[in-house]
Amino acid sequence: MIEIKACPFCGSITPVALHTEESYSPQSGVNHSMYTVICDFNEGGCGSSCGYKHSKEEAIELWNNRIGMNVELTKELDVND
Ligand SMILES: [Zn+2]
């Protein structure tokens, strides 16, 4: 089992799931699986996802290494046009 972190955007853990997609590769002429982690909108999540990777472990690592919600890092945005 691999530990997976809660969604950094909405804070939910229940809708966070591994998603598999079959992708056709013109170079090799075969289908291969790509993996991503999604915060499933249909399960009450916010619909965010991370990038696609060739292995489940890499996809989860990508998701887990996102900056969490409790960071102190901020920047100022100029909202006056
Ligand atoms: Zn979410």
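# A tour from Gly 47 outward

Begin by selecting Gly 47 in this predicted model: apart from neighbours within four places in sequence, Gly 47 is in contact with Cys 39 and Phe 41. Gly 47 belongs to the loop between strand 2 and helix 1, and it is classed as partly exposed because 13 other C-beta atoms lie within 10 Å, where a buried residue would need 20 or more. Now add Pro 15 to the selection: although Gly 47 and Pro 15 are 32 residues apart along the chain, their C-alpha atoms are separated by 9.1 Å.

Stay in the loop between strand 2 and helix 1 and move to Ser 49, which has its place there. Ser 49 counts as partly exposed, with 16 C-beta neighbours inside 10 Å. When neighbours within four places in sequence are left aside, the contacts of Ser 49 are with Thr 36, Val 37 and Ile 38. A further selection here is Ile 13, 36 residues from Ser 49 along the chain, with 13 Å between the two C-alpha atoms.

Next, zoom out to the whole chain. The protein chain has one helix and two strands, and, read from the N terminus, its elements follow the order β-β-α. Its radius of gyration is 16 Å, well over the 12 Å that the globule rule gives for 81 residues, so the chain is more spread out than a compact globule. If you orient the C-alpha trace along its principal axes, it spans about 50 × 35 × 25 Å. Of the 81 residues, 14% count as buried, while 42% of the contacts with a separation of 6 or more are made by residues 24 or more positions apart.

Colour the two strands next, taking residues 16-25 as strand 1 and 30-39 as strand 2. Strand 1 and strand 2 pair in the antiparallel sense over ten bridges, and together they form a hairpin with four residues between them, where Gly 29 in the turn has a positive phi of about 75°. To follow the pairing residue by residue, select Tyr 24, which stands opposite Asn 31 in strand 2, and then Ser 23, whose bridge partner in strand 2 is His 32. Of the ten residues of strand 1, the number buried is one, so strand 1 lies largely in the open.

From the hairpin, turn to helix 1, residues 56-64, and show the side chains of its buried residues, Ala 59, Ile 60 and Trp 63. These residues cover an arc of only 95° around the axis, which puts them on the same side of helix 1. With the strands still coloured, look at what covers the buried residues of helix 1, which includes strand 1 and strand 2.

Now which residues make up the largest nonpolar core? Select Cys 7, Val 16, Tyr 35, Val 37, Ile 38, Cys 39, Cys 50, Ala 59, Ile 60 and Trp 63, which are its ten residues in all. The elements that give two or more residues to this core are strand 2 and helix 1, and strand 2 gives the most, with four residues. Two stops already made touch on this set: Cys 39, a member of the core, is in contact with Gly 47, and Val 37 and Ile 38, also members, are in contact with Ser 49.

Within the core, centre the view on Cys 7. Leaving aside neighbours within four places in sequence, Cys 7 is in contact with Ser 12, Val 16, Cys 39, Gly 45, Cys 46 and Ser 48; of these partners, Val 16 and Cys 39 are among the core residues.

The last stop is Arg 66, in the segment after helix 1. Arg 66 is partly exposed, with 14 other C-beta atoms within 10 Å. Setting aside neighbours within four places in sequence, Arg 66 is in contact with Pro 8 and Cys 50, and Cys 50 is one of the residues of the largest nonpolar core. Finally, add Met 1 to the selection: Arg 66 and Met 1 are 65 residues apart in sequence, and 20 Å separates them in space, C-alpha to C-alpha.

Definitions and conventions
Residues numbered from 1 in each chain as written. Predicted model: local features only at pLDDT ≥ 70, side-chain atom pairs only at ≥ 80, totals over all residues. Rg over C-alpha atoms; globule rule 2.2 N^0.38 Å. Buried ≥ 20, exposed ≤ 12 C-beta atoms within 10 Å, placed from the backbone. Contact = placed C-beta atoms within 7 Å. Arc of directions from axis to C-beta. Core = buried A, V, L, I, M, F, W, Y, C linked by C-beta atoms within 7 Å. Pairing = 2+ DSSP bridges.
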